[in-house]
Amino acid sequence: MAEDTNIILQSDNPNLGEIQITPEVLEIIAGIAAVEVDGVNRMQSNSLSKSVNELFGRRKEHSRGVKISYDRDQLTVDISVFLNYGVSVPKVALEIQDQVKEQLLFMTNLKAQQVNVHVAGVVPEKETANTVDPNDPFANSENEE
């Protein structure tokens, strides 16, 4: 039953009813928080079908590369990322951990016991291609005199 996987949030006033949140919402929060860290290029995709859907412009998966487990009030987050070439891997990973913990606590009042960062790869900078002048497409890009 799907309701068994929901996480019940503690409420200040339980007389009003209970608040439930799905793990997918936590994955989205963690994914967005991780991508906003400087040095993160992109998240690793969880599956080929999600990658293909994004490639064709279908729904962007903010939860990709994030796995949440919640057992006996212990929240564990696993995040798989690709980093930009040249950044300090430990520094960026620590910042991801801090940012994800902070956003989960701020938005859901849940404290993550662990945020495990898995660096799946490093992405080199794209080289800029030579631009072509539309008024003179056959001009040599180097100065010839």
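These legends accompany close-up views of a predicted model.

**View 1. The whole chain, with 3 helices and 6 strands.**
Read from the N terminus, the order of elements is β-β-α-β-α-β-β-α-β. The chain has 145 residues, and 28% of them count as buried. Take the contacts with a separation of 6 or more: residues 24 or more positions apart account for 62% of them. The views below pick out one helix pair and four single residues.

**View 2. The crossing of helix α1 and helix α3.**
Helix α1 covers residues 23–35, and helix α3 covers residues 89–108. Their axes come within 9 Å. They cross at roughly 135°. Angles over 145 degrees would count as roughly antiparallel, and 65 to 115 as roughly perpendicular; at roughly 135°, α1 is therefore oblique to α3. The crossing is right-handed.

**View 3. The residues that join α1 to α3.**
From α1 come Leu26, Ile29, Ala30, Ala33 and Ala34. They meet Ile96, Gln99, Val100, Gln103, Leu104, Met107 and Thr108 of α3. By class, the contact holds 9 nonpolar residues and 3 polar ones. No charged residue takes part.

**View 4. Val92, a buried residue of helix α3.**
Val92 sits in helix α3. Its relative accessible area is 6%; buried means under 20%, so Val92 is buried. Beyond residues up to four places away in sequence, Val92 touches Val37, Asp38, Gly39, Val40, Leu83 and Val87. Asp38 deserves a separate label. Val92 and Asp38 are 54 residues apart along the chain, yet 7.3 Å separates their C-alpha atoms.

**View 5. Thr76 in strand β5.**
Thr76 belongs to strand β5, which spans residues 74–84. With a relative accessible area of 17%, Thr76 is buried. Setting aside neighbours within four places in sequence, the contacts of Thr76 are Lys67, Ile68, Ser69, Gln114 and Asn116. Two of these partners, Gln114 and Asn116, have numbers that fall within strand β6, residues 112–123.

**View 6. Ser80, also in strand β5.**
Is Ser80 buried or exposed? Ser80 has a relative accessible area of 17%, under the 20% limit, so it counts as buried. Outside the four nearest places in sequence, Ser80 is in contact with Met43, Gln44, Gly65 and His118. His118 carries a number within the range of strand β6, residues 112–123.

**View 7. Asn116 in strand β6, facing residues of strand β5.**
Asn116 is placed in strand β6. Its relative accessibility is 26%; buried means under 20% and exposed over 50%, so Asn116 is partly exposed. Not counting residues up to four places away in sequence, Asn116 touches Thr76, Val77, Asp78 and Ile79. Thr76 lies 40 residues away along the chain. The C-alpha atoms of Asn116 and Thr76 are 7.8 Å apart.

**View 8. The polar contact between Asn116 and Asp78.**
Which residue makes a polar contact with the side chain of Asn116? The partner is Asp78, through its own side chain. The distance is 3.1 Å. Asp78 is also one of the residues that Asn116 touches. Thr76 is another of them, and from its side Thr76 counts Asn116 among its contacts.

Methods:
Residues numbered from 1 in each chain as written. Predicted model: local features only at pLDDT ≥ 70, side-chain atom pairs only at ≥ 80, totals over all residues. Heavy atoms only, no water. Helix = DSSP H or I, 4+ residues; strand = E, 2+ residues; numbered from the N terminus. Buried < 20%, exposed > 50% of the residue type's maximum accessible area, 1.4 Å probe, protein only. Contact = heavy atoms within 4.5 Å. Polar contact = N/O pair within 3.5 Å; in protein donor to acceptor, adjacent residues only side chain to side chain. Axes fitted to C-alpha atoms, helices over the stretch in contact; angles between N-to-C directions. Parallel < 35°, antiparallel > 145°, perpendicular 65-115°, else oblique. Left-handed = near helix turned anticlockwise from the far one by under 90°. Nonpolar A, V, L, I, M, F, W, Y, C, P; charged D, E, K, R; others polar.
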